[in-house]
Amino acid sequence: MAYAITQTCCNDATCVAVCPVNCIRPTPQERAFGSTEMLHIDPRTCIDCGACADACPVEAVFPVDRLPPAQQEYADINAAYFAGAASPGERADHGPVFHAWGRPTFDRTLPSDFGPLRVAVVGTGPAGMYAAEDLLLHTPAEVTLIDRLPTAGGLVRYGVAPDHLSTRRIGASFARLHTHPRVRLHLGLEAGRDVTADELAAHHDAVVWAVGASADRRVGIPGEDLDGSIPATTFVSWYNGHPDVAPDAVDLSAERVVVIGNGNVALDVARILASEPEQLAATEIAGHALAALRRSRVREVVVLGRRGPEDAAYTRSELAALRHLPGVDLVLDAHDPRVGAAVDAAAGTHGTAGVLRGMTREAVDWTRPPAGDARRIVLRFHSAPVEVCGAGGAVRAVRVSGPHGDVELPAGAVLRAVGHRGRPVAGLPFDEVTGTVPHEGGRVPGRPGTYVVGWIKRGPSGGIGANRACAAETVGTLLADAVAGALPPPERSLRAFTRLARRRRRR
């Protein structure tokens, strides 16, 4: 029986490397890699060895005959990816079982006398940890890990929804590096403030900045700063116990909440708001958030999308998960005929609109409050937010576009989930338009020995696994510079940096 990859796939391709028959697609060498929502196993050539399941850092791989009911559709999703492709047995260039193997490539060549580098990695999220792992596995480098927060993990710890337990498990694979004999870990130390970019450079051969994109993008409409309108990044940090967000930062006294945005974060916050609190009690949700959700009056969450369901930014796996949410009705607002037409046209496909087939369609009457104690999530497409309307300085409604003019959706709270944006880093150049640090293959121009990786490098795109290829590029550039003698030698010792870090943390 073949294996199948499921919803929590992180796309880091660890499974590809261990598959003995090369049956997982797309591979990092293929153009489609990084553009698909997940990886797929070819059921025609899988030999049921389980190597992929053992290697998967997020436990996303299962035998098809053991898929839980909510994930049985992934057997078809995996198989559909290979529909129309020639059967391995029909090709004469290799055996009947194996997919064709690409030619081996060796992108890095280090001299035999390549000495240990001292590299500081600022940020302990996926991007920083993939970079550290690459250096530790393939070079004798000594790595200094720095994070401004008291707990390591970055996006995995404070950005992944608490009910995505499998995705969070990748943090354990990163955590094993924290105690590596060539690693020094400094938590509660903010690079750029407690220690400057120049001080980091003075103690290391190279510094890799992996500080992510922690700011939120603005919607750009009147009223978005009213009381009760907050960025989704704040809500996510709140339910994950981020130390920068107070336990009382979120008010759940409204019966209807409007979520502006159509990506995975929008679905995450909608799911958490609508979920039965006792279902969340078994997750890693922050205690204060669970207590607030138990007292919550929220009965309806409206998710707004400017475009149609066929163009939604969320992944089909995240949308499909909403359909299996216990005690929650999922409703498609039929206010615009284009919505139903797009869903009907997508029937039989595996696109985002196709997942909506069979869902309840309703022309929602927004003049009425949410009915009874039932909880539901309403998906409203082709509806752009125009204004957050207020009364007494607080959110009263959201005015949105519709096929027959603007409509007011009465609501007591608004969550703005329209994306992330990088923040400037003291001592580094910054592009205000893209919210990133300018770079050349990860190298920061004009600052020898300075590199970037992750969202601060490429912008807030791609999930956890995308950082692996991003880190490989940056580390490859760093090592090429080291071989070429382009890295400035450190002026001070690692022991001196440890003393400096201890002093600065105590201030």
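Let's start at cysteine 10, which counts as buried because its relative accessibility is 9%. What you're looking at is a predicted model, so treat the numbers here as computed from it. Does burial come with a sulfur partner for this residue, or without one? Without one: cysteine 10 is in no disulfide, and the nearest cysteine sulfur, on cysteine 56, is 6.0 Å away. Since a disulfide here needs two cysteine sulfur atoms within 2.5 Å, that pair doesn't make the cut. Cysteine 49 tells a similar story, with its nearest cysteine sulfur, that of cysteine 52, 6.1 Å away and no disulfide formed. Its setting is partly exposed, at 44% relative accessible area. Scan the whole structure and you get zero disulfides.

Now zoom out. The protein has 507 residues, and its radius of gyration is 24 Å; a compact globule with that many residues would come in near 23 Å, so the two agree. Along the principal axes, the C-alpha atoms fill a box of roughly 75 × 65 × 40 Å. There are 17 helices and 21 strands to keep track of. Of the 507 residues, 52% count as buried.

How is the chain wired together? Take the contacts between residues at least 6 apart in sequence: 74% of them join residues at least 24 apart. On the outside, the protein exposes about 22300 Å², with carbon and sulfur atoms supplying 51% of that area. For the electrostatics, count 54 positive and 56 negative side chains, with the centres of the two sets 5 Å apart.

Two helices are good places to look at burial up close. Helix α9 covers residues 232-239 and is mostly covered, with seven of its eight residues buried. Those are Ala232, Thr233, Phe235, Val236, Ser237, Trp238 and Tyr239. After α9 comes glycine 241, with a positive phi near 75°. Helix α10, residues 264-274, is also mostly covered: nine of its eleven residues are buried. The buried set includes Asp268 and Arg271, along with Ala266, Leu267 and Val269.

Just upstream of α9 in the numbering, have a look at the loop between β9 (215-216) and β10 (229-231), where glutamate 224 is found. Is this glutamate buried or exposed? It's buried, because its relative accessible area is 4%. Setting aside residues up to four places away in sequence, glutamate 224 touches Arg218, Val219, Ser229, Val388 and Arg416. Leucine 226 is found in the loop between β9 and β10 too. With the same sequence neighbours (up to four places away) left out, leucine 226 touches Val388, Cys389, Gly390, Gly393, Ala394 and Val395. Val388 turns up in both contact lists. For a sense of scale, the C-alpha atoms of leucine 226 and cysteine 56 are separated by 44 Å, with their positions 170 residues apart along the chain.

Compare that with valine 453, found in the loop between β21 (450-452) and α15 (455-458). Its C-alpha atom and that of aspartate 147 are 306 residues apart along the chain, yet separated by 15 Å. Valine 453 counts as buried because its relative accessibility is 0%. What is it in contact with, leaving aside neighbours within four places in sequence? The list runs through Ala127, Gly128, Val208, Trp209, Ala210, Cys470, Ala471 and Thr474.

Finally, a few backbone details to check in your viewer. Most residues other than glycine have a negative phi, and most peptide bonds are trans. Against that background, alanine 13 has a positive phi near 70°. Alanine 13 is found in the loop between β1 (3-5) and α1 (14-18), and it counts as buried at 6% relative accessibility. Glutamate 59 has a positive phi as well, about 50°, although it is not a glycine. You'll find glutamate 59 in the loop between α2 (51-55) and β4 (61-63), where it is partly exposed with a relative accessible area of 41%. As for the peptide bonds, the one from arginine 25 to proline 26 is cis, with omega near -5°. Proline 26 has its place in the loop between β2 (24-25) and β3 (40-41).

Key. Residues are numbered from 1 along each chain as its sequence is written. This is a predicted model: local features need pLDDT of at least 70, side-chain atom pairs count only at pLDDT 80 or more; totals for chains, interfaces and linings use all residues. Side-chain values use heavy atoms; hydrogens and water are left out. Buried means under 20% relative accessible area, exposed over 50%, partly exposed in between (1.4 Å probe, protein chains only). Helices (H or I, at least four residues) and strands (E, at least two) are DSSP runs, numbered from the N terminus. The radius of gyration is taken over C-alpha atoms; the globule rule is 2.2 Å times the number of residues to the power 0.38. Contact means heavy atoms within 4.5 Å. Accessible areas come from the Shrake-Rupley method with a 1.4 Å probe; for residues, only the protein chains shown count as cover. Lys and Arg count as positive and Asp and Glu as negative; His and the chain ends are not counted. The place of a charge is taken as NZ of Lys, CZ of Arg, CG of Asp or CD of Glu.
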